[in-house]
Amino acid sequence: MKRVWFGALVALLGCSGPVMTGKVGADKVWRNAEGKAVCPIMNIPVANESKPAAKVEQGGVTYLLCCDTCKSQYDKDHSIIERSRK
């Protein structure tokens, strides 16, 4: 049910969540100020860091994605991460 809700939200927002703030952790994973891995597309914490929906690497940084829809968006347009970091 949770993935369906996220999928609907992603569809509604068009995967253009707010600009993300954070930093690269010592493990080279993009994290928020609280140290949690954050989906760079939806700008929300990833529920299960040990089993994320998807994981992508770009520019030496590992990004954990919150759902398959965000992975699909990334696959279509790799620049989506850079745009969300500005």
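Which side chains meet in a salt bridge at 2.7 Å, N to O? Select D27 and R31 and you have the pair. A salt bridge here is a side-chain nitrogen of Lys or Arg within 4 Å of a carboxyl oxygen of Asp or Glu, and the structure holds 3 of them.

Before moving on, a word on what you're looking at. This is a predicted model, where local features need pLDDT of at least 70 and side-chain atom pairs count only at pLDDT 80 or more, while totals for chains, interfaces and linings use all residues. Residues are numbered from 1 along each chain as its sequence is written, and side-chain values use heavy atoms, with hydrogens and water left out.

Stay on R31 and add E49: their side chains also form a salt bridge, 2.9 Å from N to O. This pair links distant parts of the chain, 18 residues apart, with R31 in strand 2 (residues 30–31) and E49 in the loop between strand 2 and strand 3 (54–58). Strands are DSSP runs of E, at least two residues, and helices are runs of H or I, at least four, both numbered from the N terminus.

Now show D27, R31 and E49 together, since they're linked in a network of salt bridges. Turn on the surface: R31 is buried at 13% relative accessibility, while D27 is partly exposed at 41% and E49 is partly exposed at 32%. (Buried means under 20% relative accessible area, exposed over 50%, partly exposed in between, with a 1.4 Å probe and protein chains only.)

Last stop: helix 2 (residues 68–76). Pick K71 and D75, whose closest N and O atoms are 2.8 Å apart in a salt bridge. They're 4 residues apart, so about one helical turn separates them. D75 is partly exposed at 44%, and K71 is partly exposed at 27%.
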